[in-house]
Amino acid sequence: MAIVQLIDVSVGYGTLPVLNGIGLTIEPGERVALVGRNGEGKSTLMKLIAGELIPDDGALKLDKGATVARLAQEVPDGVSGTVFDVVAEGLGKAGRLIAEYHHLTVGMSTPEGCTDKALARLDTLGSELETVDGWNAHKRVEGVLTRMELDPEAEVSDLSGGMKRRVLLARALASAPSLLLLDEPTNHLDIEAIRWLEKFLSGYGATLLFVTHDREFLQRLATRVIELDRGHLTSWPGGYKHFLEGKASQLEAEEKANAHFDKKLAQEEVWIRKGIKARRTRNEGRVRALKKMREERLQRRERHGNVKMTLDAGQRSGRLVAEAEGVSFAYPGGEPVIRDLTTTIMRGDRVGIIGPNGVGKTTLIKLLLGQHQPTGGRIKLGTGLEVAWFDQLRATLDDNETVRDAVNGGAGDMVQVGGRERHVVSYLRDFLFSPERIRVKVGKLSGGERARLLLARLFTRPANLLVMDEPTNDLDAETLELLEDLLMEYPGTLLMVSHDRAFLDNVVTSVLVLEGDGQVIENIGGYADWLERKAREEQEAAEPLAVAAPAAPAAPVVAPPAPSAPKKKLSYKEQQELAALPARIDGLEKDLERLTADLADPAFYKNPAKLEKVTGQVKVVEAGLAEAYARWEALDG
């Protein structure tokens, strides 16, 4: 039996419906991804299913006894109390009784808390919990806290943003909903938290409907994809890759059908204009058909154009952008955030910075840009740097300004873009803002609109060094792919903090990895390349070291002479070394393949410093391969 059914549901806020007679069925155990462009109505659909909106037309049916819980996109203000209290809140009256019972039992673990009054209240609470099925609810709360690795006594207000979202997810799950709605669950989570969430949701068995911009998360979790496009909902069985293939074919077929329809309509319009003959009785059917075609063409909703982005790289900076030598940094009275960092960033490098939330990624950028002075070591900045900064918190936007003023600072109708003037309305249309929408206050924009607005303002400024702090949050998949293409063609230098694994793999040429102890590790390639290196190093570290056993005394034995020299027997340590060599050689060959592919790109030779660096790396890898093969022959010979 389906958990939820939508039958011919329509919702509209203006002249065109956001949801136009849609149908949807979600079965138990499904993990359904909801995709669509920003502004298509995904949040509207989620609120409708959660019972927060009533449809203008159609029906929504929930299975008898089914419950729905929704995890909102942002952490609400004022969430406070212990983790246990906040998680139990989702259970209403039973939750309040559970929380009180929990605090009493914790307090009674000390002599001061074990009073007659506390014992009496505990007895009363036990009776009250039985009347509301509280004991089962208590088990659910404790079970969820254990599975989600949450400390029940931690104060929620002291937790990071990612941990607060984990607590809110626990609160939603504690109510054992039949359907869990997740709106951008990966926003502001670091990569390890996202991977944990993927694993948790995959194994939990909950029925999900989720919206996410994280394509890797979507591909790993979704068992079905539904797309909201121009008011209509389409279902695509299978994962995200299957959806992309099917969608491309659908759009191609739609384009051909529309072209055929428009050609026929144009022919009929020519015919009707020929004169009175067209209106004779024998042609009235054709006239009625033409009127119907006109109405059909008026009802057609064209896809909004793609975002059009261009980047002005300004004047070329010097070849050197930033050089760090033995750099350390600590805030007054604190432990070092950065320890002994040595790295060189050259013009044209695209560097990803990854690590857990709060580990010091933004601090590292400010160090490299000279905004923080190191407490040890030396930072050298290049010449002619023009820096533009994309802020993950969108804090540089004033909620009281209109969209128009946020881009041009209220300086008339024109805006400078790429060294030439453009009308601000025309420029904002490239970022999918309608003339009506540009008069809206920034505070009224959706998350996706705020992200596009910040990009629009950022790209009006010439910059040869672009700093992007979580640029992918709230952007739809199409805009993400366009931004990827733009950044890959950008001739300037890019420093980017991101938790979007696919975005990192598609854009950056190297990563700086912070793991929490102040050490910064540099690695060529994207996130997948770093994971591969990390797995290889962990495998090598896990290999047991051979321990030489003392030789036992034995009677001397005279061996008969051998006809030929016997194969040397390997020691235990040599056997382990031989067993590990294929994986080592395979890793080195993959490194060489990646570096060789870089050198095959003609654009790569425009950066002599980078060319020299990679050529040196090729020599090191080739030498390592030669040594590994020689060792293999020696051991296996």
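Nine nonpolar residues, no polar ones and no charged ones: that's the make-up of the lining of the second largest cavity in this predicted model. The structure holds three cavities of 30 Å³ or more. Below is a quick tour of two of them, followed by a look at some aromatic rings and the residues they meet.

**The second largest cavity**
- This cavity has a volume of about 40 Å³.
- Five leucines from its lining are Leu-368, Leu-369, Leu-381, Leu-385 and Leu-465, and Leu-495 lines it too.
- The rest of the lining comes from Val-321, Ala-322 and Ile-345.

**The largest cavity**
- The largest cavity comes in at about 60 Å³.
- What classes of residue make up its lining? There are two nonpolar, seven polar and three charged residues.
- Among the residues lining the largest cavity are three histidines, His-188, His-213 and His-499.
- Asp-214, Glu-470 and Asp-500 are also part of that lining, and so are Leu-189 and Ile-194.
- Thr-186, Asn-187, Thr-472 and Asn-473 complete the list for the largest cavity.

**Aromatic pairs**
- How many aromatic pairs turn up when the whole structure is searched? The search finds six.
- One of them is Tyr-101 with Trp-135, an edge-to-face pair with 5.2 Å from centre to centre and 85° between the planes.
- Tyr-101 sits in helix α3 (residues 92–107) and Trp-135 in helix α5 (residues 134–147), so this pair ties together parts that are 34 residues apart in sequence.
- Is Tyr-101 buried or exposed? Tyr-101 has a relative accessibility of 18%, so it counts as buried, the cut-off being under 20%.
- Its partner Trp-135 is partly exposed, with a relative accessible area of 33%.
- Phe-210 and Phe-217 make another pair: their ring centres are 5.8 Å apart and their planes stand at 85°, so this pair is edge-to-face. Planes over 60 degrees apart get that label.
- Phe-210 is buried, at a relative accessible area of 0%, and Phe-217 is buried with a value of 0%.

**Arginines over rings**
- Which residue lies over the face of Trp-196? That's Arg-166, at 3.8 Å from the ring centre.
- Over the face of Phe-433 you'll find Arg-452, at 5.2 Å from the ring centre.

Technical notes:
Residues are numbered from 1 along each chain as its sequence is written. This is a predicted model: local features need pLDDT of at least 70, side-chain atom pairs count only at pLDDT 80 or more; totals for chains, interfaces and linings use all residues. Side-chain values use heavy atoms; hydrogens and water are left out. On a 1 Å grid over the protein atoms alone, a cavity is a set of points where a 1.4 Å probe fits but cannot get out, and a pocket is an open set with protein on both sides within 12 Å along at least five of seven lines; lining residues have an atom within 4 Å of a point. Grid points are joined across faces, edges and corners, and a volume is the space filled by probe spheres set on the points. Ala, Val, Leu, Ile, Met, Phe, Trp, Tyr, Cys and Pro count as nonpolar, Asp, Glu, Lys and Arg as charged, and the others, Gly among them, as polar. Rings of Phe, Tyr and Trp (its six-membered ring) pair if their centres lie within 6.5 Å; planes under 30 degrees apart count as stacked, over 60 as edge-to-face and the rest as tilted. Helices (H or I, at least four residues) and strands (E, at least two) are DSSP runs, numbered from the N terminus. Buried means under 20% relative accessible area, exposed over 50%, partly exposed in between (1.4 Å probe, protein chains only). A charge sits over a ring if NZ of Lys or CZ of Arg is within 6 Å of the ring centre and within 35 degrees of the ring normal.
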